[in-house]
Amino acid sequence: MKSPVLVFAPHGGGIEGGTSEIAKELSKQNALYLFESLKSKGSRDLHLTSTHFDEPTARKMVSKYDNVLSLHGYSGSEKHIFVGGTDRGRAKKLMQLLNQNGFPAELITKGHDEIAGINPGNIENKNRTGKSIQLEISQPLRSAMFHSFTSKGRASSKTQTFYRFTNVLSTFVSTSY
């Protein structure tokens, strides 16, 4: 069965730590596009904004799906999630579900265009319907998902927070699409 959702993580590995591991967990039931930096230093140099991300495989995959769920990270000082994207109805539903399950989340609106995921030029919005959800997960929350937040340590040190979070996302996808 073809997945109705493409899980999209364009800043994996050392770029926005933890997004690869979340995406891989979600790929057990969904399609996946993952771009990872495997560099030991300087991974941030590989960060391209989603409006400039034009890797050919990513463009091709996105164009084949009606819905995209993209995973991103931001620095932040608290455990928090911004929920954005063009699929405002589902984004609001996901925000509510995250909050109900103990993950502080808020719907991001205009005025935060750089992380709102609403720009038509954003690669995640270049799918068949133009509908996406973009999650911006704070570094403190991503860090809480692992006992070791290093590139090598994350794969084998997932915490209960990681599994609770990915379960919320999996439940949302399976009941919303």
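This is a conversation between a biologist and a modeller about a predicted model of one protein chain.

Biologist: Before we turn to single residues, what pattern does the chain follow along its sequence?

Modeller: The chain has 6 helices and 6 strands, and, read from start to end, they follow the pattern β-α-β-α-β-β-α-β-α-β-α-α. Of its 177 residues, 49% are buried, and the chain exposes about 8500 Å², of which carbon and sulfur atoms supply 51%. Among contacts between residues at least 6 apart in sequence, 73% join residues at least 24 apart.

Biologist: What makes α1 a helix that is largely enclosed by the rest of the structure?

Modeller: A residue counts as buried under 20% relative accessible area, and 7 of the 8 residues of α1 are buried, so the helix is largely enclosed by the rest of the structure. The buried residues are Thr19, Ser20, Glu21, Ile22, Ala23, Glu25 and Leu26.

Biologist: Why are α1 and α6 called oblique to each other?

Modeller: Helix α1, residues 19-26, packs against helix α6, residues 160-176, at an angle of about 50°, with the axes 10 Å apart. Angles under 35 degrees count as roughly parallel and those from 65 to 115 as roughly perpendicular; the angle of about 50° falls in neither class, and α1 and α6 are therefore oblique to each other.

Biologist: Which residues make the contact between α1 and α6, and how do they divide by character?

Modeller: From α1 the contact is made by Glu21, Ile22, Glu25 and Leu26, and from α6 by Phe162, Tyr163, Phe165, Thr166, Leu169 and Ser170. These residues divide into 6 nonpolar, 2 polar and 2 charged. As for handedness, the crossing of α1 and α6 is right-handed.

Biologist: At what angle do the axes of α3 and α6 cross, and which residues make that contact?

Modeller: The axes of α3, residues 88-100, and α6 cross at roughly 145° and come within 10 Å of each other, and the crossing is right-handed. The contact is made by Arg90, Lys93, Leu94, Leu97 and Leu98 of α3 together with Phe165, Val168, Leu169, Phe172, Thr175 and Ser176 of α6. The residues of this contact divide into 7 nonpolar, 2 polar and 2 charged.

Biologist: Thr171 is also in helix α6, so what is its exposure class, and why?

Modeller: The class in between runs from 20% to 50% relative accessible area, and Thr171, at 34%, therefore counts as partly exposed. Its C-alpha atom is separated by 9.5 Å from that of Leu97, although the two residues are 74 apart along the chain.

Biologist: How do you know whether Met145, in the loop between α5 and α6, is buried or exposed?

Modeller: Buried means under 20% relative accessible area, and Met145 has a value of 0%, so it is buried. Leaving aside residues up to four places away in sequence, Met145 touches Ile22, Ile137, Ser157, Lys158, Thr159, Thr161, Phe162 and Phe165. The C-alpha atoms of Met145 and Ile22 are separated by 9.3 Å, while the residues lie 123 apart along the chain.

Biologist: Arg142 lies in helix α5; on what value does its class, buried or exposed, rest?

Modeller: Its relative accessible area is 4%, and with the limit for buried at under 20%, Arg142 is therefore buried. Apart from residues up to four places away in sequence, Arg142 touches Glu16, Gly17, Thr19, Gly73, Tyr74, Ile137 and Phe149.

Biologist: Gly73 lies in strand β3, so what makes Gly73 count as buried?

Modeller: The relative accessibility of Gly73 is 11%, and, as the limit is under 20%, Gly73 counts as buried. Again not counting residues up to four places away in sequence, Gly73 touches Glu16, Thr19, Glu136, Ile137 and Arg142.

Biologist: How many residues separate Arg142 and Gly73 along the chain, and what separates their C-alpha atoms?

Modeller: Arg142 and Gly73 are 69 residues apart along the chain, and their C-alpha atoms are separated by 7.9 Å. For Gly73 and Leu141, 68 residues apart, the separation of the C-alpha atoms is 9.5 Å.

Key. Residues are numbered from 1 along each chain as its sequence is written. This is a predicted model: local features need pLDDT of at least 70, side-chain atom pairs count only at pLDDT 80 or more; totals for chains, interfaces and linings use all residues. Side-chain values use heavy atoms; hydrogens and water are left out. Axes are lines fitted to C-alpha atoms, for helices over the stretch in contact, and angles run from 0 to 180 degrees between N-to-C directions. Helices (H or I, at least four residues) and strands (E, at least two) are DSSP runs, numbered from the N terminus. Angles under 35 degrees count as roughly parallel, over 145 as roughly antiparallel, 65 to 115 as roughly perpendicular and the rest as oblique. A crossing is left-handed if the near helix is turned anticlockwise from the far one by less than a right angle, and right-handed if clockwise. Contact means heavy atoms within 4.5 Å. Ala, Val, Leu, Ile, Met, Phe, Trp, Tyr, Cys and Pro count as nonpolar, Asp, Glu, Lys and Arg as charged, and the others, Gly among them, as polar. Buried means under 20% relative accessible area, exposed over 50%, partly exposed in between (1.4 Å probe, protein chains only). Accessible areas come from the Shrake-Rupley method with a 1.4 Å probe; for residues, only the protein chains shown count as cover.
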